[in-house]
Amino acid sequence: LLRIFLKSALSRKQNFFDDGHNMIQAQRLKSQMKKARDREKTLFSQISKLKQKSDVSLKKERDILQKRIIHLIDRSRYERDSKQKAEDKVIVASKKLNALSDHIERLMVYLKH
């Protein structure tokens, strides 16, 4: 009878220690879960901030590229207009040179007679 009582007491004591150990583990796990949730919130916050920085950076780069494109278009237009004016001046100069050549030729013919 004493043996049974001692075995029963020992098993209750073991259960008591197991329950205490389980409670400590449960508290430890809860603490770890809380830390993990806090870390998750921190990471999501950092991700959000980095996304905002990225969006701002992309907008700045897009604006810079648009300005460069506009500048290149204006420059191309200016060069095209300048080229056209130069070609027009060459045509006018060529006509003047032909007219002057014709006039000199006529003068030479007149002076021969």
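Here are some friendly notes on the predicted model shown above.

1. **Overall fold.** Let's start with the whole chain. The protein chain has one helix and zero strands. That helix, α1, covers residues 2-112, and the chain itself counts 113 residues.

2. **Surface and burial.** How much of the chain is made up of buried residues? Buried residues account for 0% of the 113 residues. The accessible surface of the chain adds up to about 11500 Å², and carbon and sulfur atoms contribute 62% of that surface.

3. **Salt bridges in general.** Side chains of opposite charge can pair when their charged atoms come close. In this model, five salt bridges are present. Three of them are worth a visit in the viewer, and the next points take them in turn.

4. **Asp55 and Lys51.** Asp55 makes a salt bridge with Lys51, and their closest N and O atoms sit 3.6 Å apart. Both residues belong to helix α1 and are four residues apart, about one turn of the helix. Are these partners buried or exposed? Asp55 is partly exposed, at 41% relative accessible area. Lys51 has a relative accessible area of 51%, and it is classed as exposed because the cut-off for that word is over 50%.

5. **Asp63 and Lys59.** Further along the helix you will find Asp63 in a salt bridge with Lys59, where the closest N and O atoms are 3.4 Å apart. The two are four residues apart in helix α1, so about one helical turn separates them. Asp63 is partly exposed, with 30% relative accessible area. Lys59 also counts as partly exposed, at 48% relative accessibility.

6. **Arg77 and Asp74.** Here the partner of the aspartate is an arginine: Arg77 forms a salt bridge with Asp74, with 3.2 Å between the closest N and O atoms. What is the spacing between Arg77 and Asp74 in helix α1? They are three residues apart, so the separation is about one helical turn. For Arg77, the relative accessibility is 39%, which makes this residue partly exposed. Asp74 is partly exposed as well, at 40% relative accessibility.

7. **A nonpolar patch.** Now for some residues without charge pairing. Which residues form a nonpolar patch on the surface? They are Leu100, Ile104, Met108, Tyr110 and Leu111, and together they offer about 590 Å² of accessible area. One of them, Met108, lies in helix α1. Met108 has a relative accessible area of 52%, so it passes the over 50% cut-off and counts as exposed.

8. **To sum up.** The picture is a chain with one helix and zero strands, in which buried residues make up 0%. Its side chains include five salt bridges and a nonpolar surface patch to which Met108 belongs.

Methods. Residues are numbered from 1 along each chain as its sequence is written. This is a predicted model: local features need pLDDT of at least 70, side-chain atom pairs count only at pLDDT 80 or more; totals for chains, interfaces and linings use all residues. Side-chain values use heavy atoms; hydrogens and water are left out. A salt bridge is a side-chain nitrogen of Lys or Arg within 4 Å of a carboxyl oxygen of Asp or Glu. Buried means under 20% relative accessible area, exposed over 50%, partly exposed in between (1.4 Å probe, protein chains only). Patches are made of residues with over 30% relative accessible area and no salt bridge: like charges are joined within 9 Å, nonpolar side chains (Val, Leu, Ile, Met, Phe, Trp, Tyr) within 5 Å. Accessible areas come from the Shrake-Rupley method with a 1.4 Å probe; for residues, only the protein chains shown count as cover.
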